[in-house]
Amino acid sequence: ILDGLGGRSIVLVGLMGAGKTSVGKRIATRLQLPFVDADAEIEKAAQATIPEIFAKHGEAYFRDGERRVIRRLLDGRSKVLATGGGAFMSPETQAAIAAGGVSIWLRADLDVLMARVRKRSNRPLLMNEDPEGTMRRLMDERYPVYAKADIHIISRDVAHEVVADEAVKALA
Ligand code: S3P
């Protein structure tokens, strides 16, 4: 796999709660590649948390930073890159990923996503009266777009190791 990558990165896309960070870290360990989380890089660059960035500057500002950070991270040095759930919706980011990476869509069902996001309250898009309704809407909007990813993996309610294993096999 490593030789075949030729400087390209493995880029995880999918909804909040799909396991992009957890599974991505395990893929990176297996392939002995660095792991980078785009959301964490955005927070570092802005010196603020994602909820703070949304509250202070709005979503459009966040999306701008997200596009820039991901473009910068696809720098010709292979890594495993976890992106935020909205990143792949940007045609510009999609093009950058197509040029500099192999994309993996971690696809999960609503109940799996909701069980995972309930544990953490750091997602501004879900801080409303009806997070499940929001998640359904995002699935409708985004799944047709995520489907353009090179590799599709079902993120089931099993150990992240198992999903990572399937992803590594699909990359081979
Ligand atoms: C978002 C997903 C989040 C984060 C931001 C917006 C989205 O990342 O980028 O809250 O639009 O789906 P995760 O998918 O890692 O939770």
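**Annotated sites, the ligand shell and two helices**

In the UniProt record, an unreviewed entry, the annotation "binding site" takes in Asp39, Arg63, Gly85 and Arg142. The model looked at here is a predicted one, so it's worth asking where some of these positions end up. Glycine 85 sits in the loop that runs between β3 (80-82) and α6 (91-100). Is glycine 85 buried or exposed? It counts as buried, because 22 C-beta neighbours lie inside 10 Å and the cut-off for that label is 20 or more. Once neighbours within four places in sequence are set aside, glycine 85 touches Gly14, Leu15 and Met16.

Arginine 142, also on that list, has its place in helix α8 (residues 131-146). With 18 other C-beta atoms within 10 Å, arginine 142 comes out as partly exposed. Its contacts, again leaving out neighbours within four places in sequence, are Leu15 and Met89. Leu15 therefore turns up as a contact of glycine 85 and of arginine 142, going by the C-beta cut-off of 7 Å.

Now for the ligand. Which residues are around it? The set is Met16, Lys20, Asp39, Ile50, Gly84, Gly85, Gly86, Arg123, Pro124 and Leu125. Sorted by character, this shell holds four nonpolar, three polar and three charged residues. Asp39 and Gly85 are around the ligand and also carry the UniProt annotation mentioned at the start. UniProt, again in an unreviewed entry, lists further "binding site" positions: Gly17, Ala18, Gly19, Lys20, Thr21, Ser22 and Arg123. Among these, Lys20 and Arg123 belong to the ligand's surroundings in the model.

Lysine 20 leads into helix α2, where it is found. It has 28 C-beta neighbours inside 10 Å and so counts as buried. Beyond its neighbours within four places in sequence, lysine 20 is in contact with Leu12, Gly14, Ala82, Thr83 and Leu106. Serine 22 lies in α2 too, but it is partly exposed, with 18 other C-beta atoms within 10 Å.

Further along α2 comes arginine 26, which is buried, having 22 other C-beta atoms within 10 Å. Measuring from C-alpha to C-alpha, arginine 26 and leucine 12 are 12 Å apart in space and 14 residues apart in sequence. With neighbours within four places in sequence left out, arginine 26 is in contact with His160, Glu161 and Ala164.

As a whole, α2 has 12 residues, which should span 16 Å at 1.5 Å a residue, and the end C-alpha atoms are indeed 16 Å apart. Its buried residues are Lys20, Val23, Gly24, Arg26, Ile27 and Leu31. Looking down the axis of α2, these buried residues fall within an arc of 165°, so they line one face of the helix. Right after α2 comes glutamine 32, with a positive phi near 55°.

The contacts of arginine 26 point to helix α9, which covers residues 160-171. Its 12 residues reach 17 Å from the first C-alpha to the last, close to the 16 Å expected at 1.5 Å a residue. In α9, the buried residues are Val163, Ala164 and Ala167. Seen down the axis of α9, they fall within an arc of 100°, so they too line one face of their helix. And what covers these buried residues? The cover includes α2 (20-31), β4 (101-107) and β5 (151-154). Ala164, buried in α9, is one of the contacts of arginine 26 in α2.

How values were computed
Residues are numbered from 1 along each chain as its sequence is written. This is a predicted model: local features need pLDDT of at least 70, side-chain atom pairs count only at pLDDT 80 or more; totals for chains, interfaces and linings use all residues. Helices (H or I, at least four residues) and strands (E, at least two) are DSSP runs, numbered from the N terminus. The expected span of a helix is 1.5 Å times one less than its number of residues. A residue is buried if 20 or more other C-beta atoms lie within 10 Å of its own, exposed if 12 or fewer, and partly exposed in between; C-beta atoms are placed from the backbone. The arc is that of the directions from the helix axis to the C-beta atoms. Two residues are in contact if their C-beta atoms, placed from the backbone, lie within 7 Å. A residue is near a molecule or strand if its C-beta atom, placed from the backbone, lies within 6 Å of it. Ala, Val, Leu, Ile, Met, Phe, Trp, Tyr, Cys and Pro count as nonpolar, Asp, Glu, Lys and Arg as charged, and the others, Gly among them, as polar. UniProt positions are given in the numbering used here, feature names are shortened, and annotations may be inferred rather than shown by experiment.
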